[in-house]
Amino acid sequence: MSAEVSTPEQGSWLQTLRTRRPHQVIRCERGDYLHRWFLIPQNRWVNVYLHRFIGSDDPPALHNHPWPFLSLLISGAYFDVTEHGARWRGPGSLAYRPAYHRHRVELLRDDAGRERPCLSVVITGAHQQGWGFFCPQPDGRWRFIPWRDFTAGGCGDPN
C-alpha cells in the first residue's frame with residue numbers, strides 16, 4: 001500500500017470537528033483507506049484520534065507506528081495480523097501497542113466480498129521513531145521500507 005496522507009484540514013480544530021469531515025484522509029491506490037478525526041488538538045505529547053478504517057492493509061507487508069498507542073475498537077471488527085499469526089478484534093477490544101509493534105489490519109468482508117469498515121479511538125504517546133513497512137524476505141528476515149518510499153508495488157518491484 002503506497003500511502004498518501006492528506007494535510008490536516010485548514011481552519012480551527014474545533015470548526016473542522018464540528019463539520020464531521022475528517023481532519024485527515026489517508027489514501028492508497030484503491031482509494032480512501034482511513035479517515036482520521038483529531039478528538040483533541042494535535043500536540044507533541046499525546047493525541048486522541050477517531051479512526052474509521054475503510055480498507056485493509058495490503059499483504060504481506062506489516063507496518064509499525066511512530067508512537068506507542070492504545071486502541072479501543074468501537075464498532076466493526078478486523079484481524080490484527082503479525083508475523084506470529086492473526087488475532088480477531090471486535091467491539092470493546094482494547095489493545096496497547098509499543099511503537100515498534102509490527103502488524104497489519106485486515107478488515108472483515110460482507111457476503112458480497114466488500115470490506116466492512118470499523119471505528120476505533122486511538123490514544124498515542126509522544127513521537128519515538130520513523131515508521132514504515134516491513135516486507136518478508138526469502139531468508140526469513142524482514143526488510144524495512146520508510147512509508148514515503150513504499151511504492152504501489154508494495155513488497156514486490158516498485159511501480
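In what order do the three strands of the open sheet stand? I looked this up before anything else, and the order is β8-β7-β10, with antiparallel pairing. A reminder to myself: this is a predicted model.

**Entry: the open sheet**

I checked the edges next. β8 (85-89) and β10 each have a single partner strand, so one side of each is left without a neighbour in the sheet. I then looked at the twist: neighbouring strands here are turned by 30° against each other on average, ignoring direction. For the β7 to β8 pairing I find five bridges, with β7 spanning residues 78-82 and the two strands running antiparallel. Across that pairing, Asp80 stands opposite Arg87 in β8.

**Entry: β11 and its partners**

I went on to β11, residues 118-124. Which of its residues sit on the covered face? I noted Cys118, Ser120, Val122 and Thr124 there, while Leu119, Val121 and Ile123 make up the uncovered face. Cys118 is buried, at a relative accessible area of 2%.

Two pairings of β11 went into the notebook. β4 (residues 47-53) is joined to β11 by seven bridges and runs antiparallel to it. In that pairing I see His51 bridged to Ser120 of β11. β6 (residues 69-75) also pairs with β11 in the antiparallel sense, over six bridges. Here the bridge partner of Leu70 is Ile123. So that I remember what holds such pairs: strands of a sheet pair through backbone hydrogen bonds.

**Entry: the nonpolar cores**

How many residues make up the largest nonpolar core? I get ten: Ile26, Cys28, Tyr33, Leu34, Phe53, Leu73, Tyr78, Val105, Leu107 and Cys118. The elements giving two or more residues to this core are β2 (24-28), β3 (31-38) and β10 (104-107). Cys118, from the covered face of β11, is one of the core members. I also pulled the contacts of Leu34: leaving out residues up to four places away in sequence, it touches Gln24, Val25, Ile26, His51, Arg52 and Phe53. Another core lies apart from the largest one; this other core has six residues, including Ala61, Ile145, Trp147 and Phe150.

**Entry: His65**

Is His65 buried or exposed? At a relative accessible area of 15%, under the 20% limit, His65 counts as buried. I place His65 in the loop between β5 (62-63) and β6. Its side chain makes a polar contact of 3.3 Å with that of His63. Setting aside residues up to four places away in sequence, I list Ala99, His101, His103, Gln129 and Trp131 as what His65 touches.

**Entry: the disulfide**

I searched for disulfides and the structure holds one. Cys135 is joined to Cys155, S to S 2.1 Å. The pair links distant parts of the chain, 20 residues apart: Cys135 lies in β12 (residues 132-136), Cys155 in the segment after β13 (142-146). Why do I call this disulfide left-handed? The torsion about the S-S bond is about -85°, so left-handed is what I wrote down.

I closed with the accessibility of the two ends. Cys135 is buried, with a relative accessible area of 0%. Cys155 comes out at 22%, and because buried means under 20% and exposed over 50%, I file Cys155 as partly exposed.

Terms used. Residues numbered from 1 in each chain as written. Predicted model: local features only at pLDDT ≥ 70, side-chain atom pairs only at ≥ 80, totals over all residues. Heavy atoms only, no water. Buried < 20%, exposed > 50% of the residue type's maximum accessible area, 1.4 Å probe, protein only. Helix = DSSP H or I, 4+ residues; strand = E, 2+ residues; numbered from the N terminus. Pairing = 2+ DSSP bridges. Polar contact = N/O pair within 3.5 Å; in protein donor to acceptor, adjacent residues only side chain to side chain. Contact = heavy atoms within 4.5 Å. Disulfide = S-S within 2.5 Å. Core = buried A, V, L, I, M, F, W, Y, C linked by side-chain atoms within 4.5 Å. Axes fitted to C-alpha atoms, helices over the stretch in contact; angles between N-to-C directions.
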